Amino acid sequence: MSLAHRIIPCLDTDGSRVVKGVHFEGLRDAGDPVELAARYNAEGADELVVLDIAAARDSRPTFLETIRRVAEQLNIPLSAGGGIRSLDDARSVVRAGADKVTVNTAAIERPELISELSREFGAQAVVLAIDAKRENESWQVRVRGGRVATPWNALDWAQRGVELGAGEILLTSVDRDGTQSGFDLALTAAISRGITVPVIASGGAKLPQHFLEVFIEGAADAALAASIFHDQVQSIRALKSYLQSNGVEVRLPC
Amino acid sequence: MIVTLIDYGAGNVTSVAGALRRLGADVHTTDQPEELTTATCLILPGVGHCAALLRSLDAHGLRQPLLTAISRGTPFLGICLGLQALYKSSAEAPELTGLGLLHGNVDLLPQTVKLPHMGWNQVRPLRDCRLLRNIPCGAYFYFAHSYAAPAGSPATAATCEHGHEFTAILETERIFGVQFHPEKSGAPGTTLLDNFLRLAV
């Protein structure tokens, strides 16, 4: 009896539709968020992440409506993010039905945002998303969809985020994202072993063994993927059976 | 069946209400003291910080009506912080007094494991647990917390382990509590809420 490793599908949306692209570019339509959410809920997803990757002012009302409609489909936790810059933004997302709020760029620009969210909703509801890119022997934090460098080293930023009140780190490898060549195991292990809160690994998943590796070598607590689930390259049920038969504790829906 | 859901201004009220309505319950959310004393069945959901919950109960004048209703035997279910609030005190808010219906104090889980205890875990029934009826043995429930109630009390009906053993489900004759979130725990969570509704009739 111990905590199960989580499999988390991610819906990147433009506010109303799920979109996908490689290295955050060349976006194309990948489906209806409400239909996908219902499918993943039934297939045994442990949680769902919905992001507004456009995060434009005029897409906000649509995105909040998407969260509401997605939340209605779920009896698993929902995390939402993209463009959350203030406590008010976070409140509207939580009121729409999200259990957790994901912040990224805004937290780099104003780290106190993490503390404000943590005080209001509790650490368990604050997910700090970090996009990391390898620079020689360490990883640098990137923002704006991985395009813009920051002065932060990824481990330092993750530790700082936890001190400020983040309850979970969503760690994306900018190098691996969209490549389907496997998670960045060294990055994931370095962050996961260096902090006291759970880490969700993201970027590069395709094969079942990628997930096995990231749970064992990468010490990840959860693993996130998008297009392989949307395109049905990988079913969550089959993936979990594979992980279980390889000794990884997972929740198989009964 | 009318379920009165205590809405103290924070927390997971919407999703708990949604889950109960899908089970056919007539859900009434309130922050009014007099509606607690006349309720036939009470649920206190909770998520976030323990101090926020206790302060808010007091700010709305809900503490005494809630204690009165529970002492009269109104069926009660506390979810997550709603369970923790039943104890005398919590290390998360040592300056505040809990509802004090159960002995023992809520404490931080050991820091030998990752906190928050976040995700799906199994529970171990210590006796015939009415809330777990018709739920397959070994089912997983969704937890998201760093503080937990001790496992040793006679009210503990099932435990879970993360760093150490803690109370996952408590049951007295009319007082029920779950540390996990049944409204987020898939089919087993739905069955558990249904069990509570049946017990509360």
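**Exercise 1.** What covers the buried residues of H6(B)?

*Solution.* This is a predicted model, in which local features need pLDDT of at least 70 and side-chain atom pairs count only at pLDDT 80 or more, whereas totals for chains, interfaces and linings use all residues. Residues are numbered from 1 along each chain as its sequence is written, and chains are lettered from A and ligands numbered from 1 in the order in which they are written. Helices (H or I, at least four residues) and strands (E, at least two) are DSSP runs, numbered from the N terminus. A residue is buried if 20 or more other C-beta atoms, placed from the backbone, lie within 10 Å of its own; in H6(B) the buried residues include B:Leu192, B:Leu193 and B:Phe196. Their cover includes H1, strand S4 (76-79), S9 and strand S13 (175-178) of chain B.

**Exercise 2.** Which residues of H2(A) are buried, and what covers them?

*Solution.* The buried residues of H2(A) are A:Phe63, A:Leu64, A:Thr66, A:Ile67, A:Val70, A:Ala71 and A:Gln73. Among the elements that cover them are strand S1 (6-13), helix H1 (33-43) and helix H3 (87-95) of chain A.

**Exercise 3.** How many residues of chain B are in contact with chain A, and which element gives the most?

*Solution.* Taking two residues to be in contact if their C-beta atoms, placed from the backbone, lie within 7 Å, one finds 34 residues of chain B in contact with 26 residues of chain A. Helix H1 (13-22), strand S7 (117-122) and helix H6 (186-200) are among the elements of chain B that each supply at least two residues to this side, and S7(B) gives the most, with six residues.

How values were computed:
A residue is buried if 20 or more other C-beta atoms lie within 10 Å of its own, exposed if 12 or fewer, and partly exposed in between; C-beta atoms are placed from the backbone.
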